[in-house]
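Reader: I've got this two-chain model open and I'd like to talk through how it is put together. Can you take me through it piece by piece?

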Amino acid sequence: MSFLSATGMTCGYGAADIIHDCTITVEKGEIAVVVGPNGAGKSTAMKAVFGMLDLREGTVTLNGKDISKLAPQDRVPEGMAFVPQNRNVFVSLTVEENLEMGAFIREDNEIEDTKDQVFGLFPILAEKRNQPAGELSGGQRQQVAVGRALMTRPDLLMLDEPTAGVSPIVMDELFDKILEIAKTGVAILMVEQNARQALEIADHGFVMVQGRNRFTDTGEALLANEDVRRSFLGG
Amino acid sequence: MEVLNALALFANFVVVPATAYGAQLALGALGVTIIFGILKFANFSHGELMSFGTMITILVTWFLQDMGVGIAPFPTALLALPVGVLAAIGVALLTDRMVFRFYRRQRSNPIVFAIVSVGVMFVLAGLIRIIIGPADQSFADGQRFIIGAFASRDLLGLDEGIAIKQSQVITVVVALVVVVWLFWFLQKTRSGKAMRAYSDDEDLALLCGINPERVVMIAWVIAASLAAIAGTLYGLDKTYKPFIFLQILLPIFAATILGGIGQPVGAILGAFIVAFSEVMVTYAYKKFLAYLGPADWAPDGLVQLLSTDYKFAVSFIILVAVLLIRPTGIIRGKVI
């Protein structure tokens, strides 16, 4: 069984189901990317994995433990960290305070070490540590959001469109950082609009269409797949 | 000399009383702004919370006075204040548990909360009138003046003196200590940062593992403590009358909104602006102008812009002006 294994998920908002029998898996140290056209249910699937939506069918297990019934905040101590697409930093708190809030549930004495690691990964944050996060640029905010999530020392990092609204250069930088994070042994699951670039760094890709898994393969294979290229990657 | 006399007069009748009044309003407005920041509603029961804490302080003060316990030359009420603070905290947590928590779980909108707090206000007001009655209560003892009008006149060598009451100095000192502590708590402690984070974004705070019920509890403890302290200082400086605490909501809300709702610094700023406006507009400038004008000249009228009976109109005008011109307040706060 995979480290994160969300199988047969069916759920939605209210009575109507948005995703049907959807399966997403990630291994430790790997990057899994969920791609697909607008309205395919990518973000919904992500929310379902994190417990922000109740599953009608299916299960979510993390490291072999069934967490399907846990509330989102109870999944954080289990090793999950989630970076929402919008409103993912405390705008009135400084960068450093944002990171401290990320470590709120931790009671060990190594919080400073983790903070230094995050500053090592994102040097710009160290520079702006005393500035309110609301004053930073979009790309820098995303770094704060990812840094805050890393402060919990997660085993699984979930990112909902981390590159939405940032420039191509910043996007490349962010992807580099995500690769670095994966190398430390963290499992990464992300939803992406920039499908081609995301699949290039992905170990596994899940192509979703109309709330269902359409293609599931390695990132490389999906990029090489004629159908996927024609339908979703623009040729 | 005439200019100095005018300034001394102004200091005696405007600056000193307005500073003490501003400090009292600031403590009240801080409580309202903290509840707004965390629970996202305008708490109309805050005035009665002040009244309740003050009432308990008065009852304990009387008890101590009967027992002959005191801390002369300071007022006995300072000794009784911790009990008043605890009682206010108790009432706040009890009403939260019995009333507000229910609506929190329903995820009611802020208007519902505000109306509910009006209900809590009436219940508390009734309770207070049953316990201590609707009449004036005096409980101030200890030395009345730090420096009297005559003594200061001789000291300054002027025709006008600047009298400073002990209650005014205590008000300002206590307010200063409380405010410094509050800002230290919010800026430097883990719980304080968690409160700011929760105020900023509840959902994200939940993702960080911040317990909302705990944040709400701390908010009530702080607001109730500030309320009891503010009410007691106001009572010491002026008098304790249960009816005042409905009226005082107006300048407190005006200060909160003027400063920017949910902004502690703004609440303090707003409180002093409201206090100074109120005192300056209702002060009769006749004598002041007489000092500044030619010798043996004085204005015919009192040169009072507004009768003191209308002092609450000042808060109203400020409130309306802020909502029309800059609804976010001086320091950009939330808009209801």
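Author: Sure, and one cut-off will help us: a residue is buried if 20 or more other C-beta atoms lie within 10 Å of its own. Keep in mind as well that this is a predicted model.

Reader: Okay, with that cut-off, how many of the nine residues of helix α1 (residues 42-50) of chain A are buried?
Author: Among those that pass are A:Lys42, A:Thr44, A:Ala45 and A:Met46. The buried set also includes A:Lys47, A:Ala48, A:Val49 and A:Phe50. The helix is therefore largely enclosed by the rest of the structure, with the count of buried residues at eight of the nine.

Reader: Which residue just after α1(A) takes a positive phi?
Author: Look just past the end of the helix, where the phi is about 90°. The residue with that positive value is A:Gly51.

Reader: What angle does α1(A) make with β2(A) where the helix packs on a sheet?
Author: Start with the sheet: it is open, has four strands in the order β2-β1-β4-β5 (chain A), and pairs antiparallel. Its edge strands are β2 (19-26) and β5 (65-66) of chain A, each pairing on one side only. α1(A) touches β1 (4-11), β2 and β4 of chain A, and its direction makes an angle with that of β2(A) of about 70°.

Reader: Which residue stands opposite A:Leu62 in β5(A)?
Author: Strand β4 (residues 57-62) of chain A pairs with β5(A) in the antiparallel sense, over two bridges. Opposite A:Leu62 in β5(A) stands A:Lys65.

Reader: Now the six-strand sheet: which strands of chain A are its edge strands?
Author: This sheet is open too, its pairing is mixed, and its order is β6-β7-β8-β3-β9-β10 (chain A). From one strand to the next, the twist averages 15°. The strands that pair on one side only, and so form the edges by definition, are β6 (80-83) and β10 (212-218) of chain A.

Reader: Which helix packs on that sheet touching β6 and β7 of chain A, with a direction at about 165° to that of β6(A)?
Author: There are two helices to weigh up here. α1(A) packs on the sheet and touches β3, β6, β7 (156-160), β8 and β9 of chain A, with its direction at about 150° to that of β7(A). The helix with the angle of about 165° to β6(A) spans residues 138-150 of chain A, and is α6.

Reader: Is strand β3 (residues 31-35) of chain A largely enclosed or open, and how many of its five residues are buried?
Author: In a regular strand, side chains alternate between the two faces of the sheet. On one side of β3(A) sit A:Ile31, A:Val33 and A:Val35, on the other A:Ala32 and A:Val34, and both faces are covered. The strand is largely enclosed by the rest of the structure, because the number of its residues that are buried is five of the five.

Reader: Which residue in β9(A) stands opposite A:Ala32?
Author: β3(A) has parallel partners in strand β8 (residues 187-191) of chain A, through four bridges, and in strand β9 (residues 204-209) of chain A, also over four bridges. In β8(A), A:Ile31 has A:Ile188 as its bridge partner, and A:Val34 stands opposite A:Val191. In β9(A), the residue opposite A:Ala32 is A:His204.

Reader: Over to chain B: why is it as compact as a globular protein of its length?
Author: Its secondary structure comes to 14 helices and two strands. The globule rule gives 20 Å for 336 residues, and chain B is close to that, so it is as compact as a globular protein of that length, with a radius of gyration of 21 Å.

Reader: Which element of chain B gives the most to the side that touches chain A?
Author: The contact takes twelve residues from chain B and 17 residues from chain A. On the chain B side, the elements giving two or more residues are α7 (190-200) and α8 (202-207). By class, that side has seven nonpolar, one polar and four charged residues. The element that gives the most, with five residues, is α7(B).

Reader: Last one: which helix of chain B gives the most to the largest nonpolar core?
Author: That core has 170 residues, and those with the most contacts inside it are A:Met158, A:Ile188, B:Ala88 and B:Ala219. Beyond its neighbours within four places in sequence, B:Ala219 is in contact with residues including B:Ile34, B:Ile35 and B:Met195. The helix that gives the most, with 19 residues, spans residues 2-39 of chain B, and is α1.

Terms used
Residues numbered from 1 in each chain as written. Chains lettered and ligands numbered in written order. Predicted model: local features only at pLDDT ≥ 70, side-chain atom pairs only at ≥ 80, totals over all residues. Rg over C-alpha atoms; globule rule 2.2 N^0.38 Å. Contact = placed C-beta atoms within 7 Å. Nonpolar A, V, L, I, M, F, W, Y, C, P; charged D, E, K, R; others polar. Buried ≥ 20, exposed ≤ 12 C-beta atoms within 10 Å, placed from the backbone. Axes fitted to C-alpha atoms, helices over the stretch in contact; angles between N-to-C directions. Core = buried A, V, L, I, M, F, W, Y, C linked by C-beta atoms within 7 Å.
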